[in-house]
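Please open the model in your viewer and keep the selection tool at hand, since each stop on this tour begins with something to select.

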Amino acid sequence: MTLARHFESDQPPLWRSHAGSRAHLAAAVLIGAGFLFDFLTPLGVAAGLIYTAAVLCSVWADKPAAACVYAAAGTALTGLGYLLLPLAGTDQWIVLANRILTVIALWAFAFVVYRQKSFQASLEQKQNELAAIQDNSIAGLINIDPQGTILNYNRTCCRMFGYSAGEVIGQNIRLLLPDSAGSGEDPGGGALFSGRPTQFTGVRREVLGRRKDGQVFPIELSVSEVRVGRIHLFSGILRDLSAEKKAEAERERFTEELARSNRDLDDFAYVASHDLRAPLRVIGNASTWLEEDLADVLDEDSRENLGLLRSRVARMERLLDDLLEYSRAGRKTDSRYQQTMPGTELMREVLMLIDKPEGFTITIAPGFGSIRLPNMPLKQIFANLVSNAIKHNDQGTGAVDISVEDAGDHYIFSVADNGPGIDPEYHDQIFKMFQTLKSRDEVEGSGIGLSIVKKHLERAGGTISVRSSPGDGCAFRFTWPKQQEVEQERD
């Protein structure tokens with residue numbers, strides 16, 4: 001029960017529409033009787049008392065304004081009686097004074113009744129608003145007394161537990177609890193609903209509830225204590241956790257399946273990298289031995305075919321290496337993932353990993369000198385992007401510019417070249433696995449490099465994009481969150 005309803009239960013019930021009609025009828029009868037009494041008592045005293053009784057009938061009327069209407073009618077008839085009734089044998093000033101006092105009394109009573117009715121109507125409106133808020137709340141609201149007796153129970157609780165309000169109000173709260181409540185299996189619910197609810201107020205915890213069909217389900221419950229005079233209540237807010245628990249179990253199952261899938265991917269990558277590499281080596285070695293043993297009889301075409309066979313073996317080995325690297329992307333597999341270093345030192349090591357041909361210029365912005373970056377995977381990301389810029393340049397000479405911008409909570413890096421560029425329709429394609437814009441006979445590569453870069457960045461919370469068009473070079477821009485740097489240093 002809400003506090004307003006608790007107060008209402010101690011008051012007599014108010015008449016509704018039929019009571020209002022009776023009030024109007026009684027007031028009309030009294031006003032008519034008062035006007036008749038004016039003929040018997042010209043002083044107006046008896047009529048004034050009857051008019052006052054008519055005003056008091058507005059206590060049972062529907063609207064507060066009824067008191068003013070009754071008082072106005074009594075005032076009009078009091079004045080009319082003064083004008084129409086004979087005043088022979090009476091002191092005119094005494095009659096006038098009595099009638100003025102009667103009018104004053106009428107409006108005094110009307111004012112009191114009007115104020116009382118207005119206050120009562122306002123209180124009733126607030127009660128209805130409070131009841132509507134409680135009944136339409138998305139949370140379950142339930143009030144109990146210190147002994148655990150249910151005083152009020154909203155619609156959400158009806159849906160939650162399956163009981164109607166009439167079935168639970170007046171019952172002990174244990175009706176809504178499993179049999180384990182208070183037995184040690186559900187200590188929270190037992191403490192609250194076994195006559196000691198004060199131990200449970202001011203906290204939010206998970207307890208178990210029981211539906212009408214006997215099903216036990218988890219509830220999040222918070223309790224507050226209400227004291228107003230002699231009124232002592234405990235108000236509880238309940239939230240059904242069944243859907244959340246189901247979703248949590250589903251997430252755990254999905255996480256376990258994802259972990260199992262990752263383990264399977266690791267196993268596949270290991271098998272592909274190790275078990276397939278041995279027969280590839282045998283094929284490569286056999287082609288070499290065959291060429292040496294048959295050197296006197298092989299023609300130029302045969303030697304070219306054997307060389308082509310060995311190049312395909314080497315390409316397959318690189319593909320296996322890249323597959324293994326892709327499966328490990330985003331994981332801290334060795335100490336390099338916990339190591340940070342100055343940006344200039346990192347870029348120096350990147351350049352040592354790159355086979356830079358003569359005629360190529362690589363420029364590194366001065367901003368790298370003032371920052372610290374994790375060794376891995378940024379070293380691999382930069383090496384991959386710079387190597388791509390060199391590999392796909394069709395002029396034999398060119399320039400690569402590497403820059404950094406501090407953007408508050410993250411860095412923005414750019415690797416730009418003056419190569420042939422990429423048509424915008426292929427900008428999304430280049431980040432997919434095994435996708436190359438040129439034949440592998442023209443530009444050797446597995447088509448996984450940019451996929452590895454993108455996977456590293458997404459795992460770290462960064463992004464990558466490309467800005468390019470044919471003949472205008474290519475600029476890769478990627479972001480790297482600064483918290484990654486902090487986490488590396490803490491590790």
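Begin by selecting helix H12, residues 343–352, where Gly343, Leu346, Met347 and Val350 are buried (under 20% relative accessible area, with exposed meaning over 50% and partly exposed in between, for a 1.4 Å probe and protein chains only). Seen down the axis of H12, these buried residues fall within an arc of 95 degrees, so they line one face of the helix; the arc is taken from the directions from the helix axis to the C-beta atoms. Helices (H or I, at least four residues) and strands (E, at least two) are DSSP runs, numbered from the N terminus.

This is a predicted model, in which local features need pLDDT of at least 70 and side-chain atom pairs count only at pLDDT 80 or more, while totals for chains, interfaces and linings use all residues. Residues are numbered from 1 along each chain as its sequence is written, and side-chain values use heavy atoms, with hydrogens and water left out.

Next, add strand E6 (340–342), strand E7 (360–364), strand E8 (372–374), helix H13 (378–391) and strand E9 (398–406), against which the buried residues of H12 pack, contact being heavy atoms within 4.5 Å.

Now move to strand E5 (residues 231–240), which pairs with strand E1 (residues 140–144) in the antiparallel sense over five bridges, where pairing requires that DSSP finds at least two bridges between the strands. Here Ile144 has Phe234 in E5 as its bridge partner. Strand E4 (residues 216–228) also runs antiparallel to E5, joined by ten bridges, and Ser222 stands opposite Ile237 in E5. Select Gly229 to see the turn of the E4–E5 hairpin, where this residue has a positive phi of about 65 degrees.
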